[in-house]
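Here's a quick briefing to read with the model open beside you. Have a look at the fold first, then work through the bullets by topic.

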Amino acid sequence: MVNDTTFDYLNEFYGNSAKPYAICVLIILLLAFIGNIFFITLTLTTKCLRKNVANWFLLGFSLSDLVQCTAHLFNAYALYNGSVDSRQLCTVAGLLVVSTGTCNFGFPALIAADRYYKISTVPQSKGLSIGRAIFTEGATIPLMVGWFFLSVLLNLPLMLNDAWGEDPAGFCGTKKFTSVPLLISYECTVILVFVGSMIITAIYYYRLVAWLKQQEASRRRRRSNICNNDVVDYTSGVMRVVKIFTLIPICTMTPTAILTAGQMILPVMPMWINRLLIAPYFFSSVTNPWLTIALIGQFRVRFLELASNAKAVYPKTIDRLKSRSNTVRRI
């Protein structure tokens, strides 16, 4: 039996703001599903995009977004249908949300590191490079699968201590912590992955900036070993994508991380305010696929081709329908 404080907390969690927030999440997730399914379909059905190994981490990131959105569907369902007397839904949703979120946080760093080690003209180091050994073409898919399972295993202490449930931030994640060691375990996994990914992404981003400056200097001096323009353009596009993939989560996901990780020291706020603060969390999942298409030339060209074909087919379809309509009227 829960004490009065716990009952009040749970009563507020499943209170008046739960169902409106669940509906809002559902609408945002629908937009995220549309964008990511379109991006995945575009990549897999276009031969030049599918065969370019450099695109696989971008595809993996979109798949990760899709998996996380699926987890948050359970979150929305649990918030809408759960109650103080029916908390099992939120427990399952919390496990899915935190595990898939941990996996999703790591992908910008993987994309930046992969691009850096895929560029053949980056000077080779004299010693053994662990990064080059890891980010080979044949290791791309095993690396993504391995990262997913590792992100799940990182949350093992939370799994073993029944930590999933009603998060103080207002969603189904981790229960309100009453144990400092368990809170530290959470901060050393989920929060550390979030912050660590941002740091690693920044490191490889500035390495790529240095590489691009080197290529620009080579162009100006008209050296014979100038890198292929396609490689430079693709790398510039990936850098822009990685930069945005990093900056948007810093703005949209930081409130959620602060509310959860700092719950023992932060003042208690009404649940509706917490949910208002974390509402932008899903913004990156909605925008990521479209930003990738807009900023990376290969994807942008293919999208414009499809749009152009659609524009060419649409007027013909309308004319055909008008012709059929006129024929019916004559009859």
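UniProt's unreviewed entry places the feature "transmembrane region" at residues 20–44, 56–80, 92–113, 134–154, 183–206, 244–266 and 278–296. Keep in mind that this is a predicted model. Inside it there are four cavities of 30 Å³ or more, and the aromatic side chains give 15 ring pairs.

**Two of the annotated spans**

- Take residues 92–113, one of the stretches that UniProt lists as a transmembrane region: the span is 95% helix with 0% strand, and its end C-alpha atoms are 33 Å apart.
- Residues 278–296, also on the UniProt list, come out at 74% helix and 0% strand, with 29 Å between the end C-alpha atoms.

**The largest cavity**

- The largest cavity holds about 220 Å³ of space.
- Its lining is made up of 19 residues, and the ones nearest the centre are F105, F171, Y186, T256 and Y281.
- Which helix gives the largest share of that lining? It's α5, with five residues.
- Helices α4 (56–81), α5 (88–105), α10 (180–221) and α12 (254–261) each put at least two residues into the wall of the largest cavity.
- Sorted by class, the lining of the largest cavity has 14 nonpolar residues, five polar ones and no charged ones.

**The second largest cavity**

- The second largest cavity has a volume of about 70 Å³.
- Around it sit F61, N104, F105, P108, F194, M198, F245, P249, M253, S284 and N288. You've met F105 already, as one of the residues nearest the centre of the largest cavity.
- At least two lining residues of the second largest cavity come from each of α5, α10, α11 (229–252) and α14 (283–295).
- No charged residues line the second largest cavity either: the tally there is eight nonpolar and three polar.
- N104, one of those lining residues, lies in helix α5. Its relative accessible area is just 4%, so N104 is buried.
- N104 and G60 are 44 residues apart in the sequence, yet their C-alpha atoms are 9.4 Å apart in space.

**Aromatic pairs**

- Out of the 15 aromatic pairs, start with Y116 and Y204: the ring centres are 5.6 Å apart and the planes meet at 55°, so this pair counts as tilted.
- That pair bridges distant parts of the chain, with Y116 in helix α6 (residues 107–118) and Y204 in helix α10, 88 residues apart.
- Are Y116 and Y204 buried or exposed? Both Y116 and Y204 are buried.
- F148 and F149 make an edge-to-face pair, at 5.7 Å from centre to centre and with 80° between the planes.
- These two rings fall in separate exposure classes: F148 has a relative accessible area of 31%, so it is partly exposed, while F149 counts as exposed because its relative accessibility is 51%. The cut-off for exposed is over 50%.
- Elsewhere, F38, W290 and F303 are linked by ring pairs into a cluster.

**Charges over rings**

- K19 has its charged end over the ring of Y80, 5.0 Å from the ring centre.
- For Y9, the partner is K176, which lies over the face of the ring at 5.0 Å from its centre.

**Loop residues to look at**

- V268 is found in the loop between α12 and α13 (271–278). With 75% relative accessibility, V268 counts as exposed.
- V268 and P168 are 100 residues apart in sequence, but 8.9 Å apart in space from C-alpha to C-alpha.
- D162 isn't a glycine, and even so it has a positive phi of about 50°.
- Where does D162 sit? D162 is in the loop between α9 (156–160) and β1 (164–166).
- At 47% relative accessibility, D162 counts as partly exposed.

How values were computed: Residues numbered from 1 in each chain as written. Heavy atoms only, no water. 1 Å grid on protein atoms, 1.4 Å probe; cavity = no way out; pocket = protein on both sides within 12 Å on 5 of 7 lines; lining within 4 Å. Points joined across faces, edges and corners; volume = space filled by probe spheres on them. Helix = DSSP H or I, 4+ residues; strand = E, 2+ residues; numbered from the N terminus. Nonpolar A, V, L, I, M, F, W, Y, C, P; charged D, E, K, R; others polar. Phe/Tyr/Trp six-rings, centres within 6.5 Å; stacked < 30°, edge-to-face > 60°. Buried < 20%, exposed > 50% of the residue type's maximum accessible area, 1.4 Å probe, protein only. Lys NZ or Arg CZ within 6 Å of the ring centre and 35° of its normal. UniProt positions renumbered as here; feature names shortened; annotations may be inferred.
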